[in-house]
Amino acid sequence: MSHEQERPHPHPGAAALGNARASGSPAGEGVGSGIDWSAVRADFPLLTREVHGKPLIYLDSANTGQKPAAVIEATDDFYRHHNANVSRAVHALGTEATDAYEGARNKLARFFNVRSDELVLCSGTTFALNLVAYSWALPQLGPGDAIVLTRMEHHANIVPWQLVAQRTGATIKVADIDERGELDLDALYAQLTPEVKLLSLTHVSNVLGTVNPVREICREARRRGIVTVIDGSQAAPHRPLDIAAIGCDFYALTGHKMDGPTGTGLLWARREHLAAMPPFLGGGEMIKEVRFDGTVYNDAPHKFEAGTPNIAGFIGLGAAVDYLSGLGMANIDAREQALLAHATEALSKVDGLRIFGSAREKAAVISFLIEGAHAHDLATLLDLEGVAIRSGHHCAHPLMQHFGVPATCRASFAYYNTFDEIDAFVAALLKVRNLLL
Ligand code: PMP
């Protein structure tokens with residue numbers, strides 16, 4: 001692919017911020033990277049608060065990431081000093097707003113190693129996947145065609161395809177997982193038969209933490225002429241991500257999980273798809289000329305960005321990307337893997353606790369249940385101890401059906417969490433378990 005050569009790798013290694021924070025860290029908090037993780041944690045104002053009179057232990061980053069001060073300040077600065085609409089006004093504020101917004105697009109493109117004119121900025125993964133469903137799949141698919149999904153998808157990567165299937169007569173096939181929560185790749189490839197036109201799967205499972213080998217899977221699908229869509233919501237916040245190298249057709253992700261503002265996200269698509277796809281929403285910004293006898297659409301990506309965008313949100317997301325780049329995604333990945341290993345070991349010692357998902361490559365997410373205790377009861381009592389975990393179906397009903405449970409608890413870790421927090425979480429879990437059983 002041509003743009004693989006066009007850009008340097010987006011994560012050249014430990015960055016200035018990391019270096020600036022080297023040394024002086026308490027035991028266990030700076031291991032390996034030279035980054036003082038307690039100084040990093042101090043960048044997150046919310047993490048200093050208390051909940052129910054206890055220090056907050058936030059273990060729900062897979063749901064949404066906390067925001068460093070740099071992100072909060074960037075959005076605040078936009079509204080205080082630059083607020084104007086983009087691409088419309090010639091006045092100074094309008095130019096500043098447009099430059100900042102397009103600057104954020106360029107930062108995102110560099111961060112993910114793709115071209116900025118292939119990045120559609122939108123409200124998040126849900127919007128991005130629906131855009132592919134309505135603009136690519138709806139006109140392309142018909143009776144006799146098939147879509148392949150996997151058992152571990154989020155509802156955002158199931159329901160849009162069901163809507164497409166209902167309207168086109170296409171069918172949906174589901175690739176299954178093994179007892180570790182990994183995809184059965186042989187079975188998946190066997191399902192990629194000639195009627196399959198589209199394969200959509202998650203890069204990282206939000207429930208099991210499984211990291212899918214998307215590069216290999218996309219290569220197999222491409223060899224068979226199948227278009228691939230990757231849901232990168234849970235991958236982008238945690239690991240170096242070179243979208244161009246994956247070889248997919250579409251990559252969707254959400255900004256709020258990578259510590260940016262809510263209501264931000266993007267769809268990356270190959271240029272040829274963006275050029276061929278009809279617009280999803282009509283309105284201002286997405287046109288070159290409107291006449292009652294016909295409208296000329298704008299070029300991609302603007303063709304898919306009707307209306308006023310979340311300008312402040314994307315400026316904040318640009319600041320988040322700067323922040324993450326400063327730490328280095330490889331350092332973040334290593335830190336979160338260490339937290340995951342520590343938490344897995346500690347939780348494995350809890351009597352009656354079952355962990356869902358033990359993939360060989362796994363992100364820092366642990367779904368679990370304790371025999372005899374309801375997930376919601378555990379999460380509610382943990383909240384009273386200041387510990388925020390998620391309980392429920394995690395927008396993955398088919399995965400819950402697979403395991404035969406209505407809900408699980410899920411603790412998810414980010415680089416700003418500490419080993420002490422994990423120990424405090426496990427101690428609180430033992431306490432609430434004893435109250436319940
Ligand atoms: N896919 C996955 C794997 C997710 O974890 C999420 C968010 N929980 C989504 C899609 C949807 O993201 P958003 O709500 O930001 O559109």
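**Second largest cavity.** I began with the second largest cavity of this predicted model, which has a volume of about 60 Å³. I listed its lining: Ser61, Gly65, Pro237, His238, Lys257, Met258, Asp259, Leu324, Glu336, Ala414, Tyr415 and Tyr416. I sorted these residues by class and got 6 nonpolar, 3 polar and 3 charged. I then asked where the second largest cavity lies with respect to domain 1 and domain 2. Domain 1 (14-67 + 328-436) and domain 2 (73-324) both contribute to the lining, so the second largest cavity lies between them.

**Largest cavity.** I searched the whole structure and found 3 cavities of 30 Å³ or more. The largest cavity holds about 70 Å³ of space. I noted Val86, Ser87, Tyr101, Glu102, Glu285, His302, Glu305, Gly307 and Pro309 as its lining. By class, the lining of the largest cavity has 3 nonpolar, 3 polar and 3 charged residues.

**Largest pocket.** I turned to the pockets. The volume of the largest pocket is about 380 Å³. I counted 21 residues in its lining, and Val211, Asn212, Pro213, Val214 and Glu361 lie nearest its centre. The elements that give two or more residues to this lining are α9 (214-223) and α10 (243-246). I recorded 10 nonpolar, 3 polar and 8 charged residues in the lining of the largest pocket. Both domain 1 (14-67 + 328-436) and domain 2 (73-324) give residues to that lining, so the largest pocket lies between them.

**Second largest pocket.** I put the volume of the second largest pocket at about 270 Å³. Its lining has 21 residues, with Thr125, Thr126, His154, Ser233 and Lys257 nearest the centre. Lys257 also appears in the lining of the second largest cavity. By class I found 5 nonpolar, 11 polar and 5 charged residues lining the second largest pocket. Domain 1 (14-67 + 328-436) and domain 2 (73-324) each supply at least three residues to this lining.

**Helix crossings.** I looked up two helix pairs last. The axes of helix α5 (residues 92-112) and helix α12 (residues 311-327) come within 9 Å and cross at roughly 40°. That angle makes α5 oblique to α12. I noted the crossing of α5 and α12 as left-handed. For helix α14 (residues 375-384) and helix α16 (residues 419-436), the axes come within 9 Å and cross at roughly 120°. That makes α14 oblique to α16. I entered the crossing of α14 and α16 as right-handed.

Note on methods: Residues numbered from 1 in each chain as written. Predicted model: local features only at pLDDT ≥ 70, side-chain atom pairs only at ≥ 80, totals over all residues. Heavy atoms only, no water. 1 Å grid on protein atoms, 1.4 Å probe; cavity = no way out; pocket = protein on both sides within 12 Å on 5 of 7 lines; lining within 4 Å. Points joined across faces, edges and corners; volume = space filled by probe spheres on them. Helix = DSSP H or I, 4+ residues; strand = E, 2+ residues; numbered from the N terminus. Nonpolar A, V, L, I, M, F, W, Y, C, P; charged D, E, K, R; others polar. Domains from an automatic or database assignment. Axes fitted to C-alpha atoms, helices over the stretch in contact; angles between N-to-C directions. Parallel < 35°, antiparallel > 145°, perpendicular 65-115°, else oblique. Left-handed = near helix turned anticlockwise from the far one by under 90°.
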